[in-house]
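Good morning, colleagues. Please turn to the sequence and the structure now coming up on the screen, and I shall then take you through its parts in turn.

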Amino acid sequence: MPLRSPARRARTALLLALALAAVLPATSALAAPETRTPTAAVESFAPYQGQTVCEQVLRDGVVRFRDLVLAAYPETGDSGMLRSCGVGGVSEHKEGRAWDWRVNTQNPDDVLAVDDLLSWLLAPDALGNPAAMARRLGVMYVIWDSQVWKSYQAAKGWQPYSGASPHTDHVHFSFGWAGALGATSYWSGSVAPVMTRPEPVAAARSLVELRRLGKSSLPGPWRRH
């Protein structure tokens with residue numbers, strides 16, 4: 001039997017590819033959230049602002065960031081924002097300034113989504129401002145897969161993280177107060193200054209009081225997140 005011509009082989013390969021495409025599930029390209037550059041200037045890198053009280057309040061900027069991420073990566077999940085005051089350790093979750101994005105290092109699609117989002121957050125903008133979207137959103141630090149990126153030590157890049165959790169089943173995001181309150185330029189269109197905690201609600205308790213009551217320890221900011 002004579003060999004088929006190159007043209008016929010090419011047509012056969014094309015038909016086979018089309019047949020496979022018809023039965024295999026389609027994969028959608030990753031699409032990071034919208035890049036916003038409302039001003040030439042951008043926020044300073046968020047300083048470290050650790051938890052000082054415990055108040056179960058959902059912060060607008062964190063809620064909006066969560067919704068932004070889950071809309072961009074709908075196959076991923078939400079592992080929560082708040083943490084009980086009775087859980088030991090310092091954590092911005094206790095002030096509503098943190099969010100855990102449910103993804104897993106064992107899931108290749110999750111890893112691609114995380115890489116896509118973090119690249120978007122930490123990329124320079126058109127004017128060369130480093131980590132432009134992280135700054136416009138007021139991100140203070142990020143923990144993922146035993147590494148941490150700290151806005152207040154941005155020049156060091158990703159650093160090893162050795163806390164109680166390796167953060168292989170979620171990405172932790174903590175926000176400075178301007179970011180947590182939704183006052184940064186990504187949302188408002190105006191560059192926000194460094195902001196401090198607003199007056200706490202009446203039920204809020206200081207860390208010193210919680211320690212005195214035996215309900216919390218003060219091990220430092222990197223023990224639990």
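Which residue in strand 5 is the bridge partner of Tyr141? It is Lys150. Before I go further, please note that we are looking at a predicted model.

That pair belongs to a hairpin. Strand 4, residues 139-144, runs antiparallel to strand 5, residues 147-150, and four bridges join the two. Two residues lie between these strands, and in this hairpin Asp145 adopts a positive phi near 50 degrees.

Strand 5 also pairs with strand 6, residues 158-160, again in the antiparallel sense, over three bridges. Here Trp149 faces Trp158 of strand 6, while Val148 has Gln159 opposite.

Let me now place these strands in their sheet. The sheet is open and has six strands in the order 2-3-7-4-5-6, with antiparallel pairing. Strand 2, residues 77-78, and strand 6 are at the edges with a single partner strand each, so each has one side without a neighbour in the sheet.

I turn next to helix 3, which covers residues 108-122. Does its length agree or disagree with the expected span? With 15 residues at 1.5 Å a residue, helix 3 should span 21 Å, and the C-alpha atoms at its ends are 21 Å apart, so the two values agree.

Which residues of helix 3 are buried? They are Asp110, Ala113, Val114, Leu117, Leu118, Trp120 and Leu121. These residues cover an arc of only 155 degrees around the axis, which means that they lie on the same side of helix 3. The general background is that an α-helix has 3.6 residues a turn, so residues three or four places apart point the same way.

Finally, I come to the second largest pocket. The space in this pocket is about 160 Å³. Its lining consists of 17 residues, and those closest to the pocket centre are Ser44, Ala46, Ala178, Pro193 and Val194. Which helix gives the most to that lining? Helix 5, residues 177-180, does, with three residues. By character, the lining of the second largest pocket comprises nine nonpolar, six polar and two charged residues.

To close, I return to the hairpin with which I began: strand 4 and strand 5, antiparallel and joined by four bridges. Thank you for your attention.

How values were computed: Residues numbered from 1 in each chain as written. Predicted model: local features only at pLDDT ≥ 70, side-chain atom pairs only at ≥ 80, totals over all residues. Heavy atoms only, no water. Pairing = 2+ DSSP bridges. 1 Å grid on protein atoms, 1.4 Å probe; cavity = no way out; pocket = protein on both sides within 12 Å on 5 of 7 lines; lining within 4 Å. Points joined across faces, edges and corners; volume = space filled by probe spheres on them. Nonpolar A, V, L, I, M, F, W, Y, C, P; charged D, E, K, R; others polar. Expected span 1.5 Å × (residues − 1). Buried < 20%, exposed > 50% of the residue type's maximum accessible area, 1.4 Å probe, protein only. Arc of directions from axis to C-beta.
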